[in-house]
Amino acid sequence: MTTVTVIYTALFYAAMLLFVLGVGRKIFIYARTPQPLKIPITPAPTTKAGVWVRMAREVVLFESLFKASKWTWLFGWIFHLSLLLAFFRHLRYALSPESFLWPLVNLELVQTAGKYGGYAMLLGLLGLLARRIFVDRVRYISSPSDFLMLILLMAIAGSGLMMTFISHTDIVALKAFTLGLFYFDPQPLPASLFLLVHLGLVALLLIIFPFSKLLHAPGLFFSPTRNQVDNPREQRWTRGWTAENTDTPKPG
Amino acid sequence: MANFETPPLTEFMEVPPVIPGTMEHSSPYIAKPEIQAPLAYPGQLVENWEQKAVFKLGELVKSNRALQVFLDTCVKCGACTDKCHYYLGTSDPKNMPVARQDLLRSVYRRYYTLAGKLFPKLVGARDMTKSVLDEWYSYFHQCSQCRRCSVYCPYGIDTAEVSMAAREIMDSVGQGQKYCNEIIGKVFKIGNNLGLPEPALVNTLEGLEEDVKEATGVDVKFPVDVKGADVLLITPSADFFAEPHIDGLIGYAKVFHQAGISWTLSSYASEAANFSMFIGSRHNLKKQAMRIREAALELGVKRIVVGECGHAWRVAYSFWNTLVGPFDFLDRNYPVPQHICEFTYDLIQKDALRFDKEANDDKVVTFHDSCNVARASRMGNMPGGQFVIPRAVIKASVNKFVDMAPDTIGEATFCCGGGGGLLTDDLLELRVKGSLPRMQALKQVVDEHGVTHVAAICAICKAQFSKILPYYKFPMDMIQSVHGLVSNAIRLDRKEI
């Protein structure tokens, strides 16, 4: 067992733990915090099913962002879509061939899309970075962390592309390492520079996720302006402080 | 005259460049102790206000999911940066919604997030200081809580919620805004924003009866405190005296008359407006709303109808049932509450009203969607009814109607510039500049379609338009009440039974 393997094994357990506990904690807080009043942005759906549709359009199509800014939407949507494609491609390192998902993951289409998705991801991120630098309004609202986040994602995408197209890594050994993590049976990590960079940055991303604006991912689902049904007249809504002290004057 | 320049109206609305600090001098008068007292707020900045403000922020975040989620999830994508009328009219970057939220978010990060505690500079976190408070006071009174930014935010972050929270925090440490808080005090003491006592109200309404009789020869009644009436009308008190509001009130009375439905005003709850929403004050919001429940019970009415008022309709439609419901003592065959436009629209649908549209043939009319009606409420039983129904009422009353550009109406409507508790002369520069996008859209239909009048269903919009139209070289009386148009055209030929 090399030092590198020990360090990365420990790093990944720590990162996963922080990620799961940190994001879990936030989701718990969002779910627990009451929304005392009805505040959907109208026109809003008047049924629960309608809210599901509205939410799906936001999550899948980024509908509101599309209304707001076509460039930001384009780059943002490309980035997120390629992130999804890359995720599917990477499943082959985490699934054993016996898994019922394997035939799907192993599809030529999934693998190729994921492979070139890396370029799309970089393109999307570059577009977002360019907006942050060249649009005076967006530059004004950007903190150092906003730039660093884009650079981190670009470094992850870049190091991944390097392994795909320039300097291949030993993916059989890598897969053994990943599966070893899942089975609590540590296996040696192939020590290629790009792989170490790639994995190190991914671990960093997992660690900062619960403490950063990456919380937009779970947060969206809890946003009352988007997930509330527009029916305050039909159905009385009380939560938190509006559910306390309900003694109102009665008829008679 | 004011010491600022009215922005020029150009061919197209352009997004202006960022010019920091153009509006940092804009700040409303601070409430004196005697104005704070009736609202149960400290009279002046309390000791240790920094800690108390931070503590209050924590309390609000813990008890309001919207605030919790909105403060965490912004990714600074910039989608909202060109959506606020105050930014478009002033170029001040702190009037970009995300930058306005960040005034508060930076403090939240510093005290309530790990990243802000450890690396404040990196994530833009700030200590709560006097200069931060001053900035809050200035820029959270440059938000009309119109929710336009939230339409475009990929996470639905609503700056109105953030600005309400900031105002509540400032009030709770003793720094309130004179305009709003003085008005709320008047409601508690007298029953309405204007401080119009019952005898004056009765007198005004009698005068209106005479005026209508003289103009039409018909006995249209303006009843007050009539027990057992079918409908309690809750309307903004501006309807009792301001122009063009009062024409709207006359219109409601004519509709009730023609429909043969008995109605009454209440001298106790003679106000639909609820400025406690603007300052984010929970207990005052509920206390104000409770007066309406009490009046409805006292008078024994069957229905509640709400007059033309934007934020009041939001409070009535979205919050009344929550705050002071359930309304199971009212007739559930009708929506509770019902908007006057819904009421009139229903009668039109039933063919119960007839109009001589020619009475409005001197006008080419457009409609200004008020923000709180457009983005925070509904009319009728389908989403977007709040856009269809007022237009249908107008079209029933006038022959010539034209809409403004699609990206300036409906859910994308621009604020009049005076909403959210900013309708005060100490914020006149902000109000004039903030109305630029609306004026721009208006100019376009004036030039292209010869529009002569703009109708609205909000007391604040109407007062704001009357004030700022002349700055943009439009006639002051261009602004109309929707029910003022109804009033001109409705036939008063009901057979007395």
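The following conversation concerns the disulfides, salt bridges and second largest pocket of a predicted model.

Reader: How many disulfides does the structure hold over all chains?

Author: The count is 0 disulfides over all chains of this predicted model.

Reader: Why does Cys458(B) form no bond with the closest cysteine sulfur?

Author: The closest cysteine sulfur, in Cys461(B), is 3.6 Å from the sulfur of Cys458(B), which is too far for a bond. A disulfide requires the two sulfur atoms to be within 2.5 Å. Cys458(B) counts as buried, at 5% relative accessibility.

Reader: And what about Cys180(B), where is its closest cysteine sulfur?

Author: That sulfur belongs to Cys143(B) and is 12 Å away from the sulfur of Cys180(B), again too far for a bond. Cys180(B) is buried, and its relative accessible area is 0%.

Reader: Turning to charges, how many salt bridges are there over all chains?

Author: The count comes to 33 salt bridges over all chains. One of them joins Lys213(A) to Asp146(A), with the closest N and O atoms 3.0 Å apart.

Reader: Which parts of chain A does that pair tie together?

Author: Lys213(A) lies in the loop between H10 and helix H11 (216–222), while Asp146(A) lies in helix H8, so the pair ties together parts that are 67 residues apart in sequence. Lys213(A) and Asp146(A) are both buried.

Reader: Which salt bridge crosses between chains, and where are the partners of Glu234(A) and Arg378(B) placed?

Author: Glu234(A) and Arg378(B) form a salt bridge through their side chains, at 3.4 Å from N to O. The pair crosses between chains: Glu234(A) is in the segment after helix H12 (224–227) of chain A, and Arg378(B) is in the loop between helix H17 (371–376) and helix H18 (385–397) of chain B.

Reader: Is Glu234(A) buried or exposed?

Author: Glu234(A) counts as exposed, at 53% relative accessibility. Arg378(B), by contrast, is buried, with a relative accessible area of 2%.

Reader: Which residues are linked with Arg137(A) in a network?

Author: Asp82(B) and Lys83(B) are linked with Arg137(A) in a network of salt bridges.

Reader: Now the second largest pocket: what is its volume?

Author: Its volume is about 980 Å³. The lining of this pocket comprises 36 residues, and those nearest its centre are Phe211(A), Ser212(A), Thr113(B), Leu114(B) and Ala115(B).

Reader: Which helices supply the lining of that pocket?

Author: Helices of both chains each supply at least two residues, including helix H1 (3–32) and helix H8 (144–165) of chain A and helix H2 (49–63) and helix H5 (97–112) of chain B.

Reader: What classes of residue does the lining have?

Author: The lining of the second largest pocket has 20 nonpolar, 7 polar and 9 charged residues.

Definitions and conventions: Residues are numbered from 1 along each chain as its sequence is written. Chains are lettered from A and ligands numbered from 1 in the order in which they are written. This is a predicted model: local features need pLDDT of at least 70, side-chain atom pairs count only at pLDDT 80 or more; totals for chains, interfaces and linings use all residues. Side-chain values use heavy atoms; hydrogens and water are left out. Buried means under 20% relative accessible area, exposed over 50%, partly exposed in between (1.4 Å probe, protein chains only). On a 1 Å grid over the protein atoms alone, a cavity is a set of points where a 1.4 Å probe fits but cannot get out, and a pocket is an open set with protein on both sides within 12 Å along at least five of seven lines; lining residues have an atom within 4 Å of a point. Grid points are joined across faces, edges and corners, and a volume is the space filled by probe spheres set on the points. Helices (H or I, at least four residues) and strands (E, at least two) are DSSP runs, numbered from the N terminus. Ala, Val, Leu, Ile, Met, Phe, Trp, Tyr, Cys and Pro count as nonpolar, Asp, Glu, Lys and Arg as charged, and the others, Gly among them, as polar. A salt bridge is a side-chain nitrogen of Lys or Arg within 4 Å of a carboxyl oxygen of Asp or Glu.
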